[in-house]
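This briefing covers the ligand site of one protein and the domains around it. Please look at the sequence and the structure first.

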Amino acid sequence: MKLRHLLSTDDLDPDAIERLFAVARAAEPVARRRKVCRALEGAVLGNLFFEASTRTRMSFAAAFCRLGGAVCDTTGFTFSSMAKGESIHDTSRVISGYVDVLVVRHPERGAVAQFAQATHVPVINGGDGPGEHPSQALLDLYTLGNEFSRLGRRIDGAHVALIGDLKYGRTVHSLVKLLSLYRGLRFTLIAPPGLEMPAGLCELAARRGHHIDTRSSLRQPLHDLDLAYATRIQRERFTGEQTAGYTPEFRVDKAFLDTCCGPQTVLMHPLPRDSAPDANDLGTDLDSDPRTAIFRQSDSGVAVRMALFATLLGVERQLQRPLADATWRRPRRLGPSDAPFYTLDD
Ligand code: CP
């Protein structure tokens, strides 16, 4: 499979994913600031974000810069000529005259595919409304592979709980598709009433031989859980849904970890989490628990997105050659809550 754009996880098969992850592993010393790579020197990324973002926008930009490229970006509609009525087609075609690859986030499902139809430069979907977020699913899978490998586990046969807004959470839509490429998974889908996983995605996983259990409460016991993946309630996408069922019991916190998860359960969340005191999202009391992989997950975004750029632009082999050492001073560890086993020297 030759990757031309990345619009959906449907663009990926197991071989393509393994090749991308091999490139991401080769990119790690650059992503971790030990080595320097200039493979994309002279290339320009168009980073177009018509919706709010911290991780996706910044890590795509950082990945491109760490490959030696430069970044042009625009955020929101206000400072784009779309505010004057310009079409997606014209915007995409015009910007293609300036840059070598586009990353686009847009509030409407399918809009990023429209950008791709108007250009011959590669386009990466940075999130299209409630549709998909394929690069997030790739970095989630890459992180999970790293965590499971450390624990001596395999993704085949794993018990995975997806928790939260499974209707509008595009990260879980993409992740279910990627995990369904493996064998014999048990999915427990836990969502407040009205925010369940779309039926088509449940059917896809079932067709591929996975077991699906659906629940509307986090109170029922969960046995032998290998991955708990929580996601934020996407209120900004609601079209009249009620949040009455989104009660404090949906809060994924240390008590949840201690009662529902085993010592080797991996806990992930794509972030951002809602940290308001009355939010029922991921608590902060579990940040320093070694099972919590949320910052290892966000850190993986740089290596995985470097792999995407290198592959789409045909320079992946340059990451496998000897690279120059980075010379600037860097911390040994990135944040105070990082588990002790996770350092920049790993
Ligand atoms: N996970 C994620 O997509 O985060 P941002 O919205 O900050 O990009």
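Where does the ligand lie with respect to domain 1 and domain 2, and why? The shell around the ligand takes residues from both domain 1 (9-132 + 300-325) and domain 2 (134-295), so the ligand lies between them. The model is predicted, and the values below were computed from it.

**Domains**
- The domain assignment splits the protein into domain 1, made of 9-132 and 300-325, and domain 2, made of 134-295.
- A distance of 26 Å separates the C-alpha centres of domain 1 and domain 2.
- Contact between the two involves 28 residues of domain 1 and 20 residues of domain 2.

**Shell around the ligand**
- S53, T54, R55, T56, R105, H133, Q136, P270, L271 and P272 are the residues around the ligand.
- By class, the shell holds 3 nonpolar, 5 polar and 2 charged residues.
- The ligand takes up the space of the second largest pocket.

**Polar contacts and cover**
- R105 places a polar side-chain atom 2.9 Å from an oxygen atom of the ligand.
- H133 likewise has a polar side-chain atom 2.9 Å from an oxygen atom of the ligand.
- For Q136, an N or O atom of the side chain is 3.0 Å from a nitrogen atom of the ligand.
- On its own the ligand has 250 Å² of accessible area, and the protein covers 92% of this.

**Summary of the site**
- The ligand lies between domain 1 and domain 2, in the second largest pocket.
- Side chains with polar atoms at the distances listed include those of R105, H133 and Q136.

Conventions:
Residues are numbered from 1 along each chain as its sequence is written. This is a predicted model: local features need pLDDT of at least 70, side-chain atom pairs count only at pLDDT 80 or more; totals for chains, interfaces and linings use all residues. Side-chain values use heavy atoms; hydrogens and water are left out. A residue is near a molecule or strand if one of its heavy atoms lies within 4 Å of it. A polar contact is a pair of N or O atoms within 3.5 Å; within protein, one must be able to donate a hydrogen and the other to accept it, and residues adjacent in sequence count only if both atoms are side-chain atoms. Accessible areas come from the Shrake-Rupley method with a 1.4 Å probe; for residues, only the protein chains shown count as cover. On a 1 Å grid over the protein atoms alone, a cavity is a set of points where a 1.4 Å probe fits but cannot get out, and a pocket is an open set with protein on both sides within 12 Å along at least five of seven lines; lining residues have an atom within 4 Å of a point. A molecule sits in a cavity or pocket if more than half of its atoms lie within 2 Å of its grid points. Ala, Val, Leu, Ile, Met, Phe, Trp, Tyr, Cys and Pro count as nonpolar, Asp, Glu, Lys and Arg as charged, and the others, Gly among them, as polar. Domain bounds come from an automatic or database domain assignment. Contact means heavy atoms within 4.5 Å.
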